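Thanks for coming. I have one structure to go through today, and I will take it helix by helix and then residue by residue.

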Amino acid sequence: MLEYFKKLLCEELDGAEEYVKLALEFKSTYPEWSKIFLDMSANELNHATNIYKMADKSYNETITPYKEVPQTLYNTWDCMVEKYADCSSKIKIMHEMYNK
């Protein structure tokens with residue numbers, strides 16, 4: 001299940017980043033499109049956050065019976081945490097750039 005959440009998380013974060021890049025690119029030439037792209041980016045980021053929360057719950061439920069977490073499970077989770085932290089921060093900064 002965690003691998004599935006990882007796939008979904010990456011798709012949402014990649015989409016959010018792509019949309020905010022388009023928002024910035026079209027801000028002066030097509031302001032109405034730009035705003036739509038920004039809104040789409042925010043929605044994708046919200047989806048990513050929801051997926052991250054579900055993955056966190058799934059991970060914690062999965063590891064409960066283990067005395068020591070299996071390395072593959074830990075690696076997948078660690079990768080997700082890093083991806084979410086790095087990408088969501090970058091996307092939020094890009095949103096701030098847009099709003100300046």
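When I say that two residues touch, or are in contact, I mean heavy atoms within 4.5 Å. Please also keep in mind that this is a predicted model.

With that cut-off, take Tyr59. Leaving aside residues up to four places away in sequence, Tyr59 touches Leu2, Val69, Leu73, Tyr74 and Trp77. Tyr59 also belongs to the largest nonpolar core, where it is one of the residues with the most contacts inside that core. The others on that list are Leu2, Leu9, Leu13, Ala55, Trp77 and Met80, and the core has 19 residues. Where do these residues come from? H1, H2 and helix H3, which spans 71-99, each supply at least two of them. H2 gives the most, with seven residues. There is also a second, separate core of eight residues, and Val20, Leu22, Ala23 and Leu38 are among them. As background, nonpolar side chains in soluble globular proteins tend to be buried together.

Now the helix pairs. I start with H1, residues 2-26, and H2, residues 31-63. Their axes are 7 Å apart, and the packing angle is about 160°. Angles over 145 degrees count as roughly antiparallel, so that is what H1 is with respect to H2. The crossing of these two helices, H1 and H2, is left-handed. Sorted by class, the contact of H1 with H2 has 22 nonpolar residues, five polar ones and three charged ones.

Next, H2 and H3. Here the angle is about 155° and the axes are 11 Å apart. That makes H2 roughly antiparallel to H3 as well. The crossing of H2 and H3 is left-handed. In the contact of H2 with H3 there are 17 nonpolar, seven polar and three charged residues.

That leaves H1 and H3. How are H1 and H3 oriented, parallel or antiparallel? The angle between H1 and H3 is about 15°, with the axes 10 Å apart. The limit for roughly parallel is under 35 degrees, and H1 and H3 are therefore roughly parallel to each other. The crossing of H1 and H3 is again left-handed. By class, the contact of H1 with H3 has 19 nonpolar, three polar and seven charged residues.

Three single residues to finish. The first topic is a serine. Is Ser41 in helix H2 buried or exposed? Ser41 has a relative accessible area of 0%, and buried means under 20%, so Ser41 is buried. Not counting residues up to four places away in sequence, Ser41 touches Ala16, Tyr19, Val20, Ile91 and His95. Val20 has come up already, as a member of the second core.

Lys35 sits in helix H2 too. Its relative accessible area is 40%, and this makes Lys35 partly exposed. The C-alpha atom of Lys35 is 6.4 Å from that of Ala23, and these two residues are 12 places apart along the chain.

Last, Leu22, which lies in helix H1. With a relative accessible area of 19%, Leu22 counts as buried. Leu22 and Thr62 are 40 residues apart along the chain, and their C-alpha atoms are separated by 38 Å.

That is the end of my part. I can go back to any helix pair or residue.

How values were computed. Residues numbered from 1 in each chain as written. Predicted model: local features only at pLDDT ≥ 70, side-chain atom pairs only at ≥ 80, totals over all residues. Heavy atoms only, no water. Axes fitted to C-alpha atoms, helices over the stretch in contact; angles between N-to-C directions. Helix = DSSP H or I, 4+ residues; strand = E, 2+ residues; numbered from the N terminus. Parallel < 35°, antiparallel > 145°, perpendicular 65-115°, else oblique. Left-handed = near helix turned anticlockwise from the far one by under 90°. Nonpolar A, V, L, I, M, F, W, Y, C, P; charged D, E, K, R; others polar. Core = buried A, V, L, I, M, F, W, Y, C linked by side-chain atoms within 4.5 Å. Buried < 20%, exposed > 50% of the residue type's maximum accessible area, 1.4 Å probe, protein only.
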